[in-house]
Amino acid sequence: RKRIPWWLRRENVPKDWEVKKSLDELIDKFWKGDEKPGYNEVWSYIDYAKSQSIGPDQSFNFYGKIIGALQGGWLAEIRKEFDLWLARSKQLTFADMLYYVDRGLRNDPQFKSKWMNKWTYCVIDEAHDTSQMALDILLKIARYSFTVSDVDQMMYRFSGAKPEVMTSDYADNIQTIKLEINY
């Protein structure tokens with residue numbers, strides 16, 4: 001019988017109120033400063049680390065560089081406990097979905113070959129509104145990819161999309177076709 005990765009067996013995406021409750025409790029437990037951040041701020045730091053493929057074991061250094069060693073340490077503890085809460089409750093956030101697929105493609109040869117051999121072609125429309133990690137995943141799992149992008153129409157920078165992704169990281173492997181007349 002094939003072993004299914006634990007994160008593929010997850011069943012639910014947590015409701016916002018569940019995340020808020022969990023993070024509020026963790027902030028109260030681990031944040032020692034007088035001014036405590038809101039759960040949305042903490043959640044965005046956690047999601048940002050996951051979007052950079054930063055594991056819980058690397059969180060202390062990552063957060064320390066962003067907000068300082070003291071608060072970074074508190075935030076790393078919150079992230080570790082939040083990830084444990086998600087695992088115990090068999091839930092995944094959207095950032096987790098991307099994070100675990102990215103980790104699987106990087107570190108698990110069976111997982112990588114399974115998904116990289118599944119699709120020959122991948123068409124990505126509105127690629128300028130796709131995060132770096134999501135774009136990397138899509139480009140890795142298909143032998144041939146076709147992206148449509150207009151960085152002047154970019155809307156989703158808040159979700160990790162960056163216009164630089166379309167022009168810099170794949171420069172050696174892309175052919176650019178400019179459609180300069182709008183009909």
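Tutor: Before we look at this predicted model, keep one cut-off in mind: a residue is buried under 20% relative accessible area, exposed over 50%, and partly exposed in between.

Student: What makes Glu77 count as partly exposed?

Tutor: Glu77 has a relative accessibility of 31%, and because partly exposed covers the range between the buried limit of 20% and the exposed limit of 50%, Glu77 counts as partly exposed. Lys80, with a relative accessible area of 38%, is therefore partly exposed as well.

Student: Why is the contact of Glu77 and Lys80 called a salt bridge?

Tutor: The N to O distance between their side chains is 3.7 Å, and a salt bridge requires a side-chain nitrogen of Lys or Arg within 4 Å of a carboxyl oxygen of Asp or Glu, so the pair qualifies. Both residues lie in helix 4, 3 residues apart, which is about one turn of the helix.

Student: How do you know that Asp102 and Lys140 form a salt bridge?

Tutor: Their closest N and O atoms are 3.9 Å apart, and the limit is 4 Å, so this pair also counts. Here the bridge links distant parts of the chain, since Asp102 belongs to helix 5 and Lys140 to helix 7, 38 residues apart. Asp102 has 1% relative accessibility and therefore counts as buried, whereas Lys140, at 29%, is partly exposed.

Student: What is the N to O distance between Lys50 and Asp96, and where do the two residues lie?

Tutor: The closest N and O atoms of Lys50 and Asp96 are 2.4 Å apart, and the pair forms a salt bridge. Lys50 is in helix 2 and Asp96 in helix 5 (residues 94-107), 46 residues apart, and both residues are buried. Lys50 and Asp96 also belong to a network of salt bridges that includes Arg79 and Asp83, and the whole structure holds 9 salt bridges.

Student: Why does Glu81 have no salt bridge?

Tutor: The nearest side chain of opposite charge, that of Lys80, is 4.8 Å away, and a salt bridge needs the nitrogen and oxygen within 4 Å, so no bridge is assigned to Glu81. Glu81 is nevertheless buried; its place is in helix 4, and leaving aside neighbours within four places in sequence, Glu81 is in contact with Leu26 and Phe30.

Student: Which residues touch the most other members of the largest nonpolar core, and which helices supply it?

Tutor: Of the 21 residues in that core, Leu23, Val42, Ile46, Tyr63, Ile78 and Phe82 touch the most other members. The elements giving two or more residues are helix 1 (16-30), helix 2 (39-51), helix 3 (59-67) and helix 4 (69-88), with the largest share, 7 residues, coming from helix 4. Apart from this core lies another, of 7 residues, among them Leu105, Ala134, Ile137 and Ile141. As a general matter, nonpolar side chains tend to be buried together in soluble globular proteins.

Student: What makes strand 1 and strand 2 a pair?

Tutor: Strand 1 (residues 119-124) and strand 2 (residues 142-147) are joined over 5 bridges in the parallel sense, and because pairing needs at least two bridges, the condition is met. The chain crosses from strand 1 through helix 7 (residues 132-141) to strand 2 in a right-handed β-α-β crossover. Within the pair, Val123 stands opposite Phe146 in strand 2.

Definitions and conventions: Residues are numbered from 1 along each chain as its sequence is written. This is a predicted model: local features need pLDDT of at least 70, side-chain atom pairs count only at pLDDT 80 or more; totals for chains, interfaces and linings use all residues. Side-chain values use heavy atoms; hydrogens and water are left out. Helices (H or I, at least four residues) and strands (E, at least two) are DSSP runs, numbered from the N terminus. A crossover is right-handed if, with the strands pointing away from the viewer, the path from the first strand over the helix to the second runs clockwise. A nonpolar core is a set of buried Ala, Val, Leu, Ile, Met, Phe, Trp, Tyr and Cys residues joined through side-chain atoms within 4.5 Å. Buried means under 20% relative accessible area, exposed over 50%, partly exposed in between (1.4 Å probe, protein chains only). Lys and Arg count as positive and Asp and Glu as negative; His and the chain ends are not counted. Contact means heavy atoms within 4.5 Å.
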